[in-house]
Amino acid sequence: MKPFAKIEADDLRFFEALMPGRVLAAGAFADDYDHDEMTEYGHYMPDAVLLAETTDEISRLMAYCNEHNIPVTPRGAGTGLCGGCVATEGGVLLSTERMKRVLEVDVRNMTATVEPGVLLMEFPKALEGTGLFYPPDPGEKSATMGGNAMTNAGGMRAVRYGVTRDYVLGMEVVLPSGEVTNLGGKIVKNASGYSLLDLMIGSEGNQRLLHIRHVAHN
Ligand SMILES: Cc1cc2nc3c(=O)[nH]c(=O)nc-3n(C[C@H](O)[C@H](O)[C@H](O)COP(=O)(O)OP(=O)(O)OC[C@H]3O[C@@H](n4cnc5c(N)ncnc54)[C@H](O)[C@@H]3O)c2cc1C
């Protein structure tokens, strides 16, 4: 495999134009970003931390990094236990921490559409007064909904209600090429064809898929 490229000044200029004020170059970010909650796997500094806010930004970033052979590691809250969000190859650490909006709670359809950086502990607030309940309850509440989906997080309620996979109906996914694709949707009966959604959920460490916006159902 061709070795990954190091980030150069030109790359940083491109990133800054794409995400103004949200590019943290080496030395400008805390060492929190060099590990997850299982520090036994070691500490690896990315060359830059990028704080994305939109799908379009991520799409254009991925297209660029793909073309220039720059590694990109997605990161939610960094609470994982497998080193999946750690930039072991350097390059870009792409954080979803700014993507914290609950875009819709559709009470009639019993679905919610969220950006990936919504924290598990924040999400129930968006459901208050609706009568809806999101069952997945892994122990770490400061994790993101995106991280929960990519690790297919479980928790004690899994015994009765199932795991995160059982509550994700749809995803917007940015592929490594930068192409944006939508898998599944807001309907429970989505029965035709292969379940590509299930290739994404729980895929931690096996690919470099980026932004997801996932639809959860009650
Ligand atoms: C104290 C503690 C208790 C826990 N208890 C449980 C438990 O009871 N049950 C259980 O199943 N798990 C448990 N976990 C693990 C938990 O599921 C993960 O920590 C959590 O899901 C990771 O979420 P995160 O936002 O921190 O993701 P990160 O750690 O930042 O990332 C995790 C993985 O997801 C990828 N990723 C993150 N966001 C995206 C995105 N938007 N698009 C694509 N990829 C993305 C990262 O690249 C990485 O591979 C626990 C963890 C801790 C620390």
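**Exercise 1.** Why is the sulfur of cysteine 65 in no bond with the closest cysteine sulfur?

*Solution.* Keep in mind that this is a predicted model. Start with the cut-off: two cysteine sulfur atoms must lie within 2.5 Å to count as a disulfide. Next, look up the gap: the closest cysteine sulfur to that of cysteine 65 belongs to cysteine 85, and it sits 18 Å away, so it's too far for a bond. Now try cysteine 82: its nearest cysteine sulfur is also that of cysteine 85, 9.3 Å away, and cysteine 82 is in no disulfide. The final tally for the structure is 0 disulfides.

**Exercise 2.** Work out whether cysteine 65 is buried or exposed, then look at the helix around it.

*Solution.* Buried means under 20% relative accessible area. Cysteine 65 has 1% relative accessibility, so it counts as buried. Within H2 it has buried company, including Ile58, Leu61, Met62 and Tyr64. Now check the length of H2, which runs over residues 55-68: with 14 residues at 1.5 Å a residue, it should span 20 Å. Its end C-alpha atoms are 20 Å apart, so the two agree. Just past H2, asparagine 69 takes a positive phi of about 60°.

**Exercise 3.** Describe the second largest pocket and what lines it.

*Solution.* First, the volume: about 340 Å³. Then the lining: 19 residues, with Leu169, Gly184, Asn190, Ser195 and Leu197 closest to the centre. Sort the lining by class and you get 10 nonpolar, 7 polar and 2 charged residues. Last, the elements: S7, S8 and H6 each give two or more residues, and S8 has the largest share, with 3.

Key. Residues numbered from 1 in each chain as written. Predicted model: local features only at pLDDT ≥ 70, side-chain atom pairs only at ≥ 80, totals over all residues. Heavy atoms only, no water. Buried < 20%, exposed > 50% of the residue type's maximum accessible area, 1.4 Å probe, protein only. Helix = DSSP H or I, 4+ residues; strand = E, 2+ residues; numbered from the N terminus. Expected span 1.5 Å × (residues − 1). 1 Å grid on protein atoms, 1.4 Å probe; cavity = no way out; pocket = protein on both sides within 12 Å on 5 of 7 lines; lining within 4 Å. Points joined across faces, edges and corners; volume = space filled by probe spheres on them. Nonpolar A, V, L, I, M, F, W, Y, C, P; charged D, E, K, R; others polar.
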